[in-house]
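Let's take a friendly walk through this protein together. Have the viewer open and follow along as we go.

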Amino acid sequence: EKGMTGPKGDMGSSGVVYIRWGRTTCPNGADRVYYGRAAGSQYYTKGGTADYLCLPETPQYKNYYSSVVYLPELYGVEYDLDNGGTSLLRQVYEADMPCVLCSVTTRSKMIMIPARYECPSDWNIE
């Protein structure tokens, strides 16, 4: 037999976070946690990251060793063009790629679907 329903709990810090690549601002309804630069490993190096990282604009270093060698390294992501591109793309050629970490407390789920620019029905684009 089912007992009595208890009091409704506090919502706490529910919501979702996501990264917007190539941007420094979040869309309306989302809060910016931090912004920075995209970084990743060179494709030919060993032991680095498989995914891109959104590094904060002002990093904090616990320990910094300038003389250590043979450790995985991170490199800033830059825009690149094969054939010169359009005049709009030439403006960002070899520029660092910005990124921003956004937080939305009114959402409970977040997905990123590669190779799609439309959301499934009943979902919202952020």
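**A strand with two partners**

Strands E1 and E5 pair in the antiparallel sense, joined over six bridges. One of these contacts is easy to pick out: the bridge partner of Tyr18 in E5 is Cys102. Keep in mind as you look that this is a predicted model.

E5 also pairs with strand E2 (residues 31-40), again in the antiparallel sense and over six bridges. Here you can find Tyr35 standing opposite Val100 of E5.

Now stay with E5 itself, which spans residues 98-104. How many of its residues are buried? The count is seven of seven, so the strand is mostly covered, where buried means under 20% relative accessible area. In a regular strand the side chains alternate between the two faces of the sheet. In E5, Pro98, Val100, Cys102 and Val104 point one way, while Cys99, Leu101 and Ser103 point the other way, and all of them are buried. For the protein as a whole, 15% of the 126 residues count as buried.

It helps to place this strand in the overall layout. The secondary structure consists of one helix and five strands, and along the sequence the order reads β-β-β-β-α-β.

Let's move to the surface. Ile19, Trp21 and Tyr52 form a nonpolar patch there, and together they offer about 310 Å² of accessible area. Ile19 belongs to strand E1, which covers residues 16-21. Is Ile19 buried, exposed or partly exposed? Its relative accessible area is 32%, so Ile19 counts as partly exposed, a class that lies between the 20% limit for buried and the 50% limit for exposed.

A second surface patch has a charged character. Glu78, Asp80, Glu94 and Asp96 gather into a patch of negative charge. Asp80 sits in the loop that links strand E4 (75-76) to helix H1 (87-90). With a relative accessibility of 59%, Asp80 counts as exposed, because the cut-off for that class is over 50%.

Finally, follow the chain into the segment after E5, where Asp122 is found. What is its phi? Asp122 has a positive phi of about 70 degrees, although it is not a glycine. Most residues other than glycine have a negative phi. Asp122 also counts as exposed, at 81% relative accessibility.

How values were computed: Residues are numbered from 1 along each chain as its sequence is written. This is a predicted model: local features need pLDDT of at least 70, side-chain atom pairs count only at pLDDT 80 or more; totals for chains, interfaces and linings use all residues. Side-chain values use heavy atoms; hydrogens and water are left out. Patches are made of residues with over 30% relative accessible area and no salt bridge: like charges are joined within 9 Å, nonpolar side chains (Val, Leu, Ile, Met, Phe, Trp, Tyr) within 5 Å. Accessible areas come from the Shrake-Rupley method with a 1.4 Å probe; for residues, only the protein chains shown count as cover. A salt bridge is a side-chain nitrogen of Lys or Arg within 4 Å of a carboxyl oxygen of Asp or Glu. Helices (H or I, at least four residues) and strands (E, at least two) are DSSP runs, numbered from the N terminus. Buried means under 20% relative accessible area, exposed over 50%, partly exposed in between (1.4 Å probe, protein chains only). Lys and Arg count as positive and Asp and Glu as negative; His and the chain ends are not counted. The place of a charge is taken as NZ of Lys, CZ of Arg, CG of Asp or CD of Glu. Two strands pair if DSSP finds at least two bridges between them.
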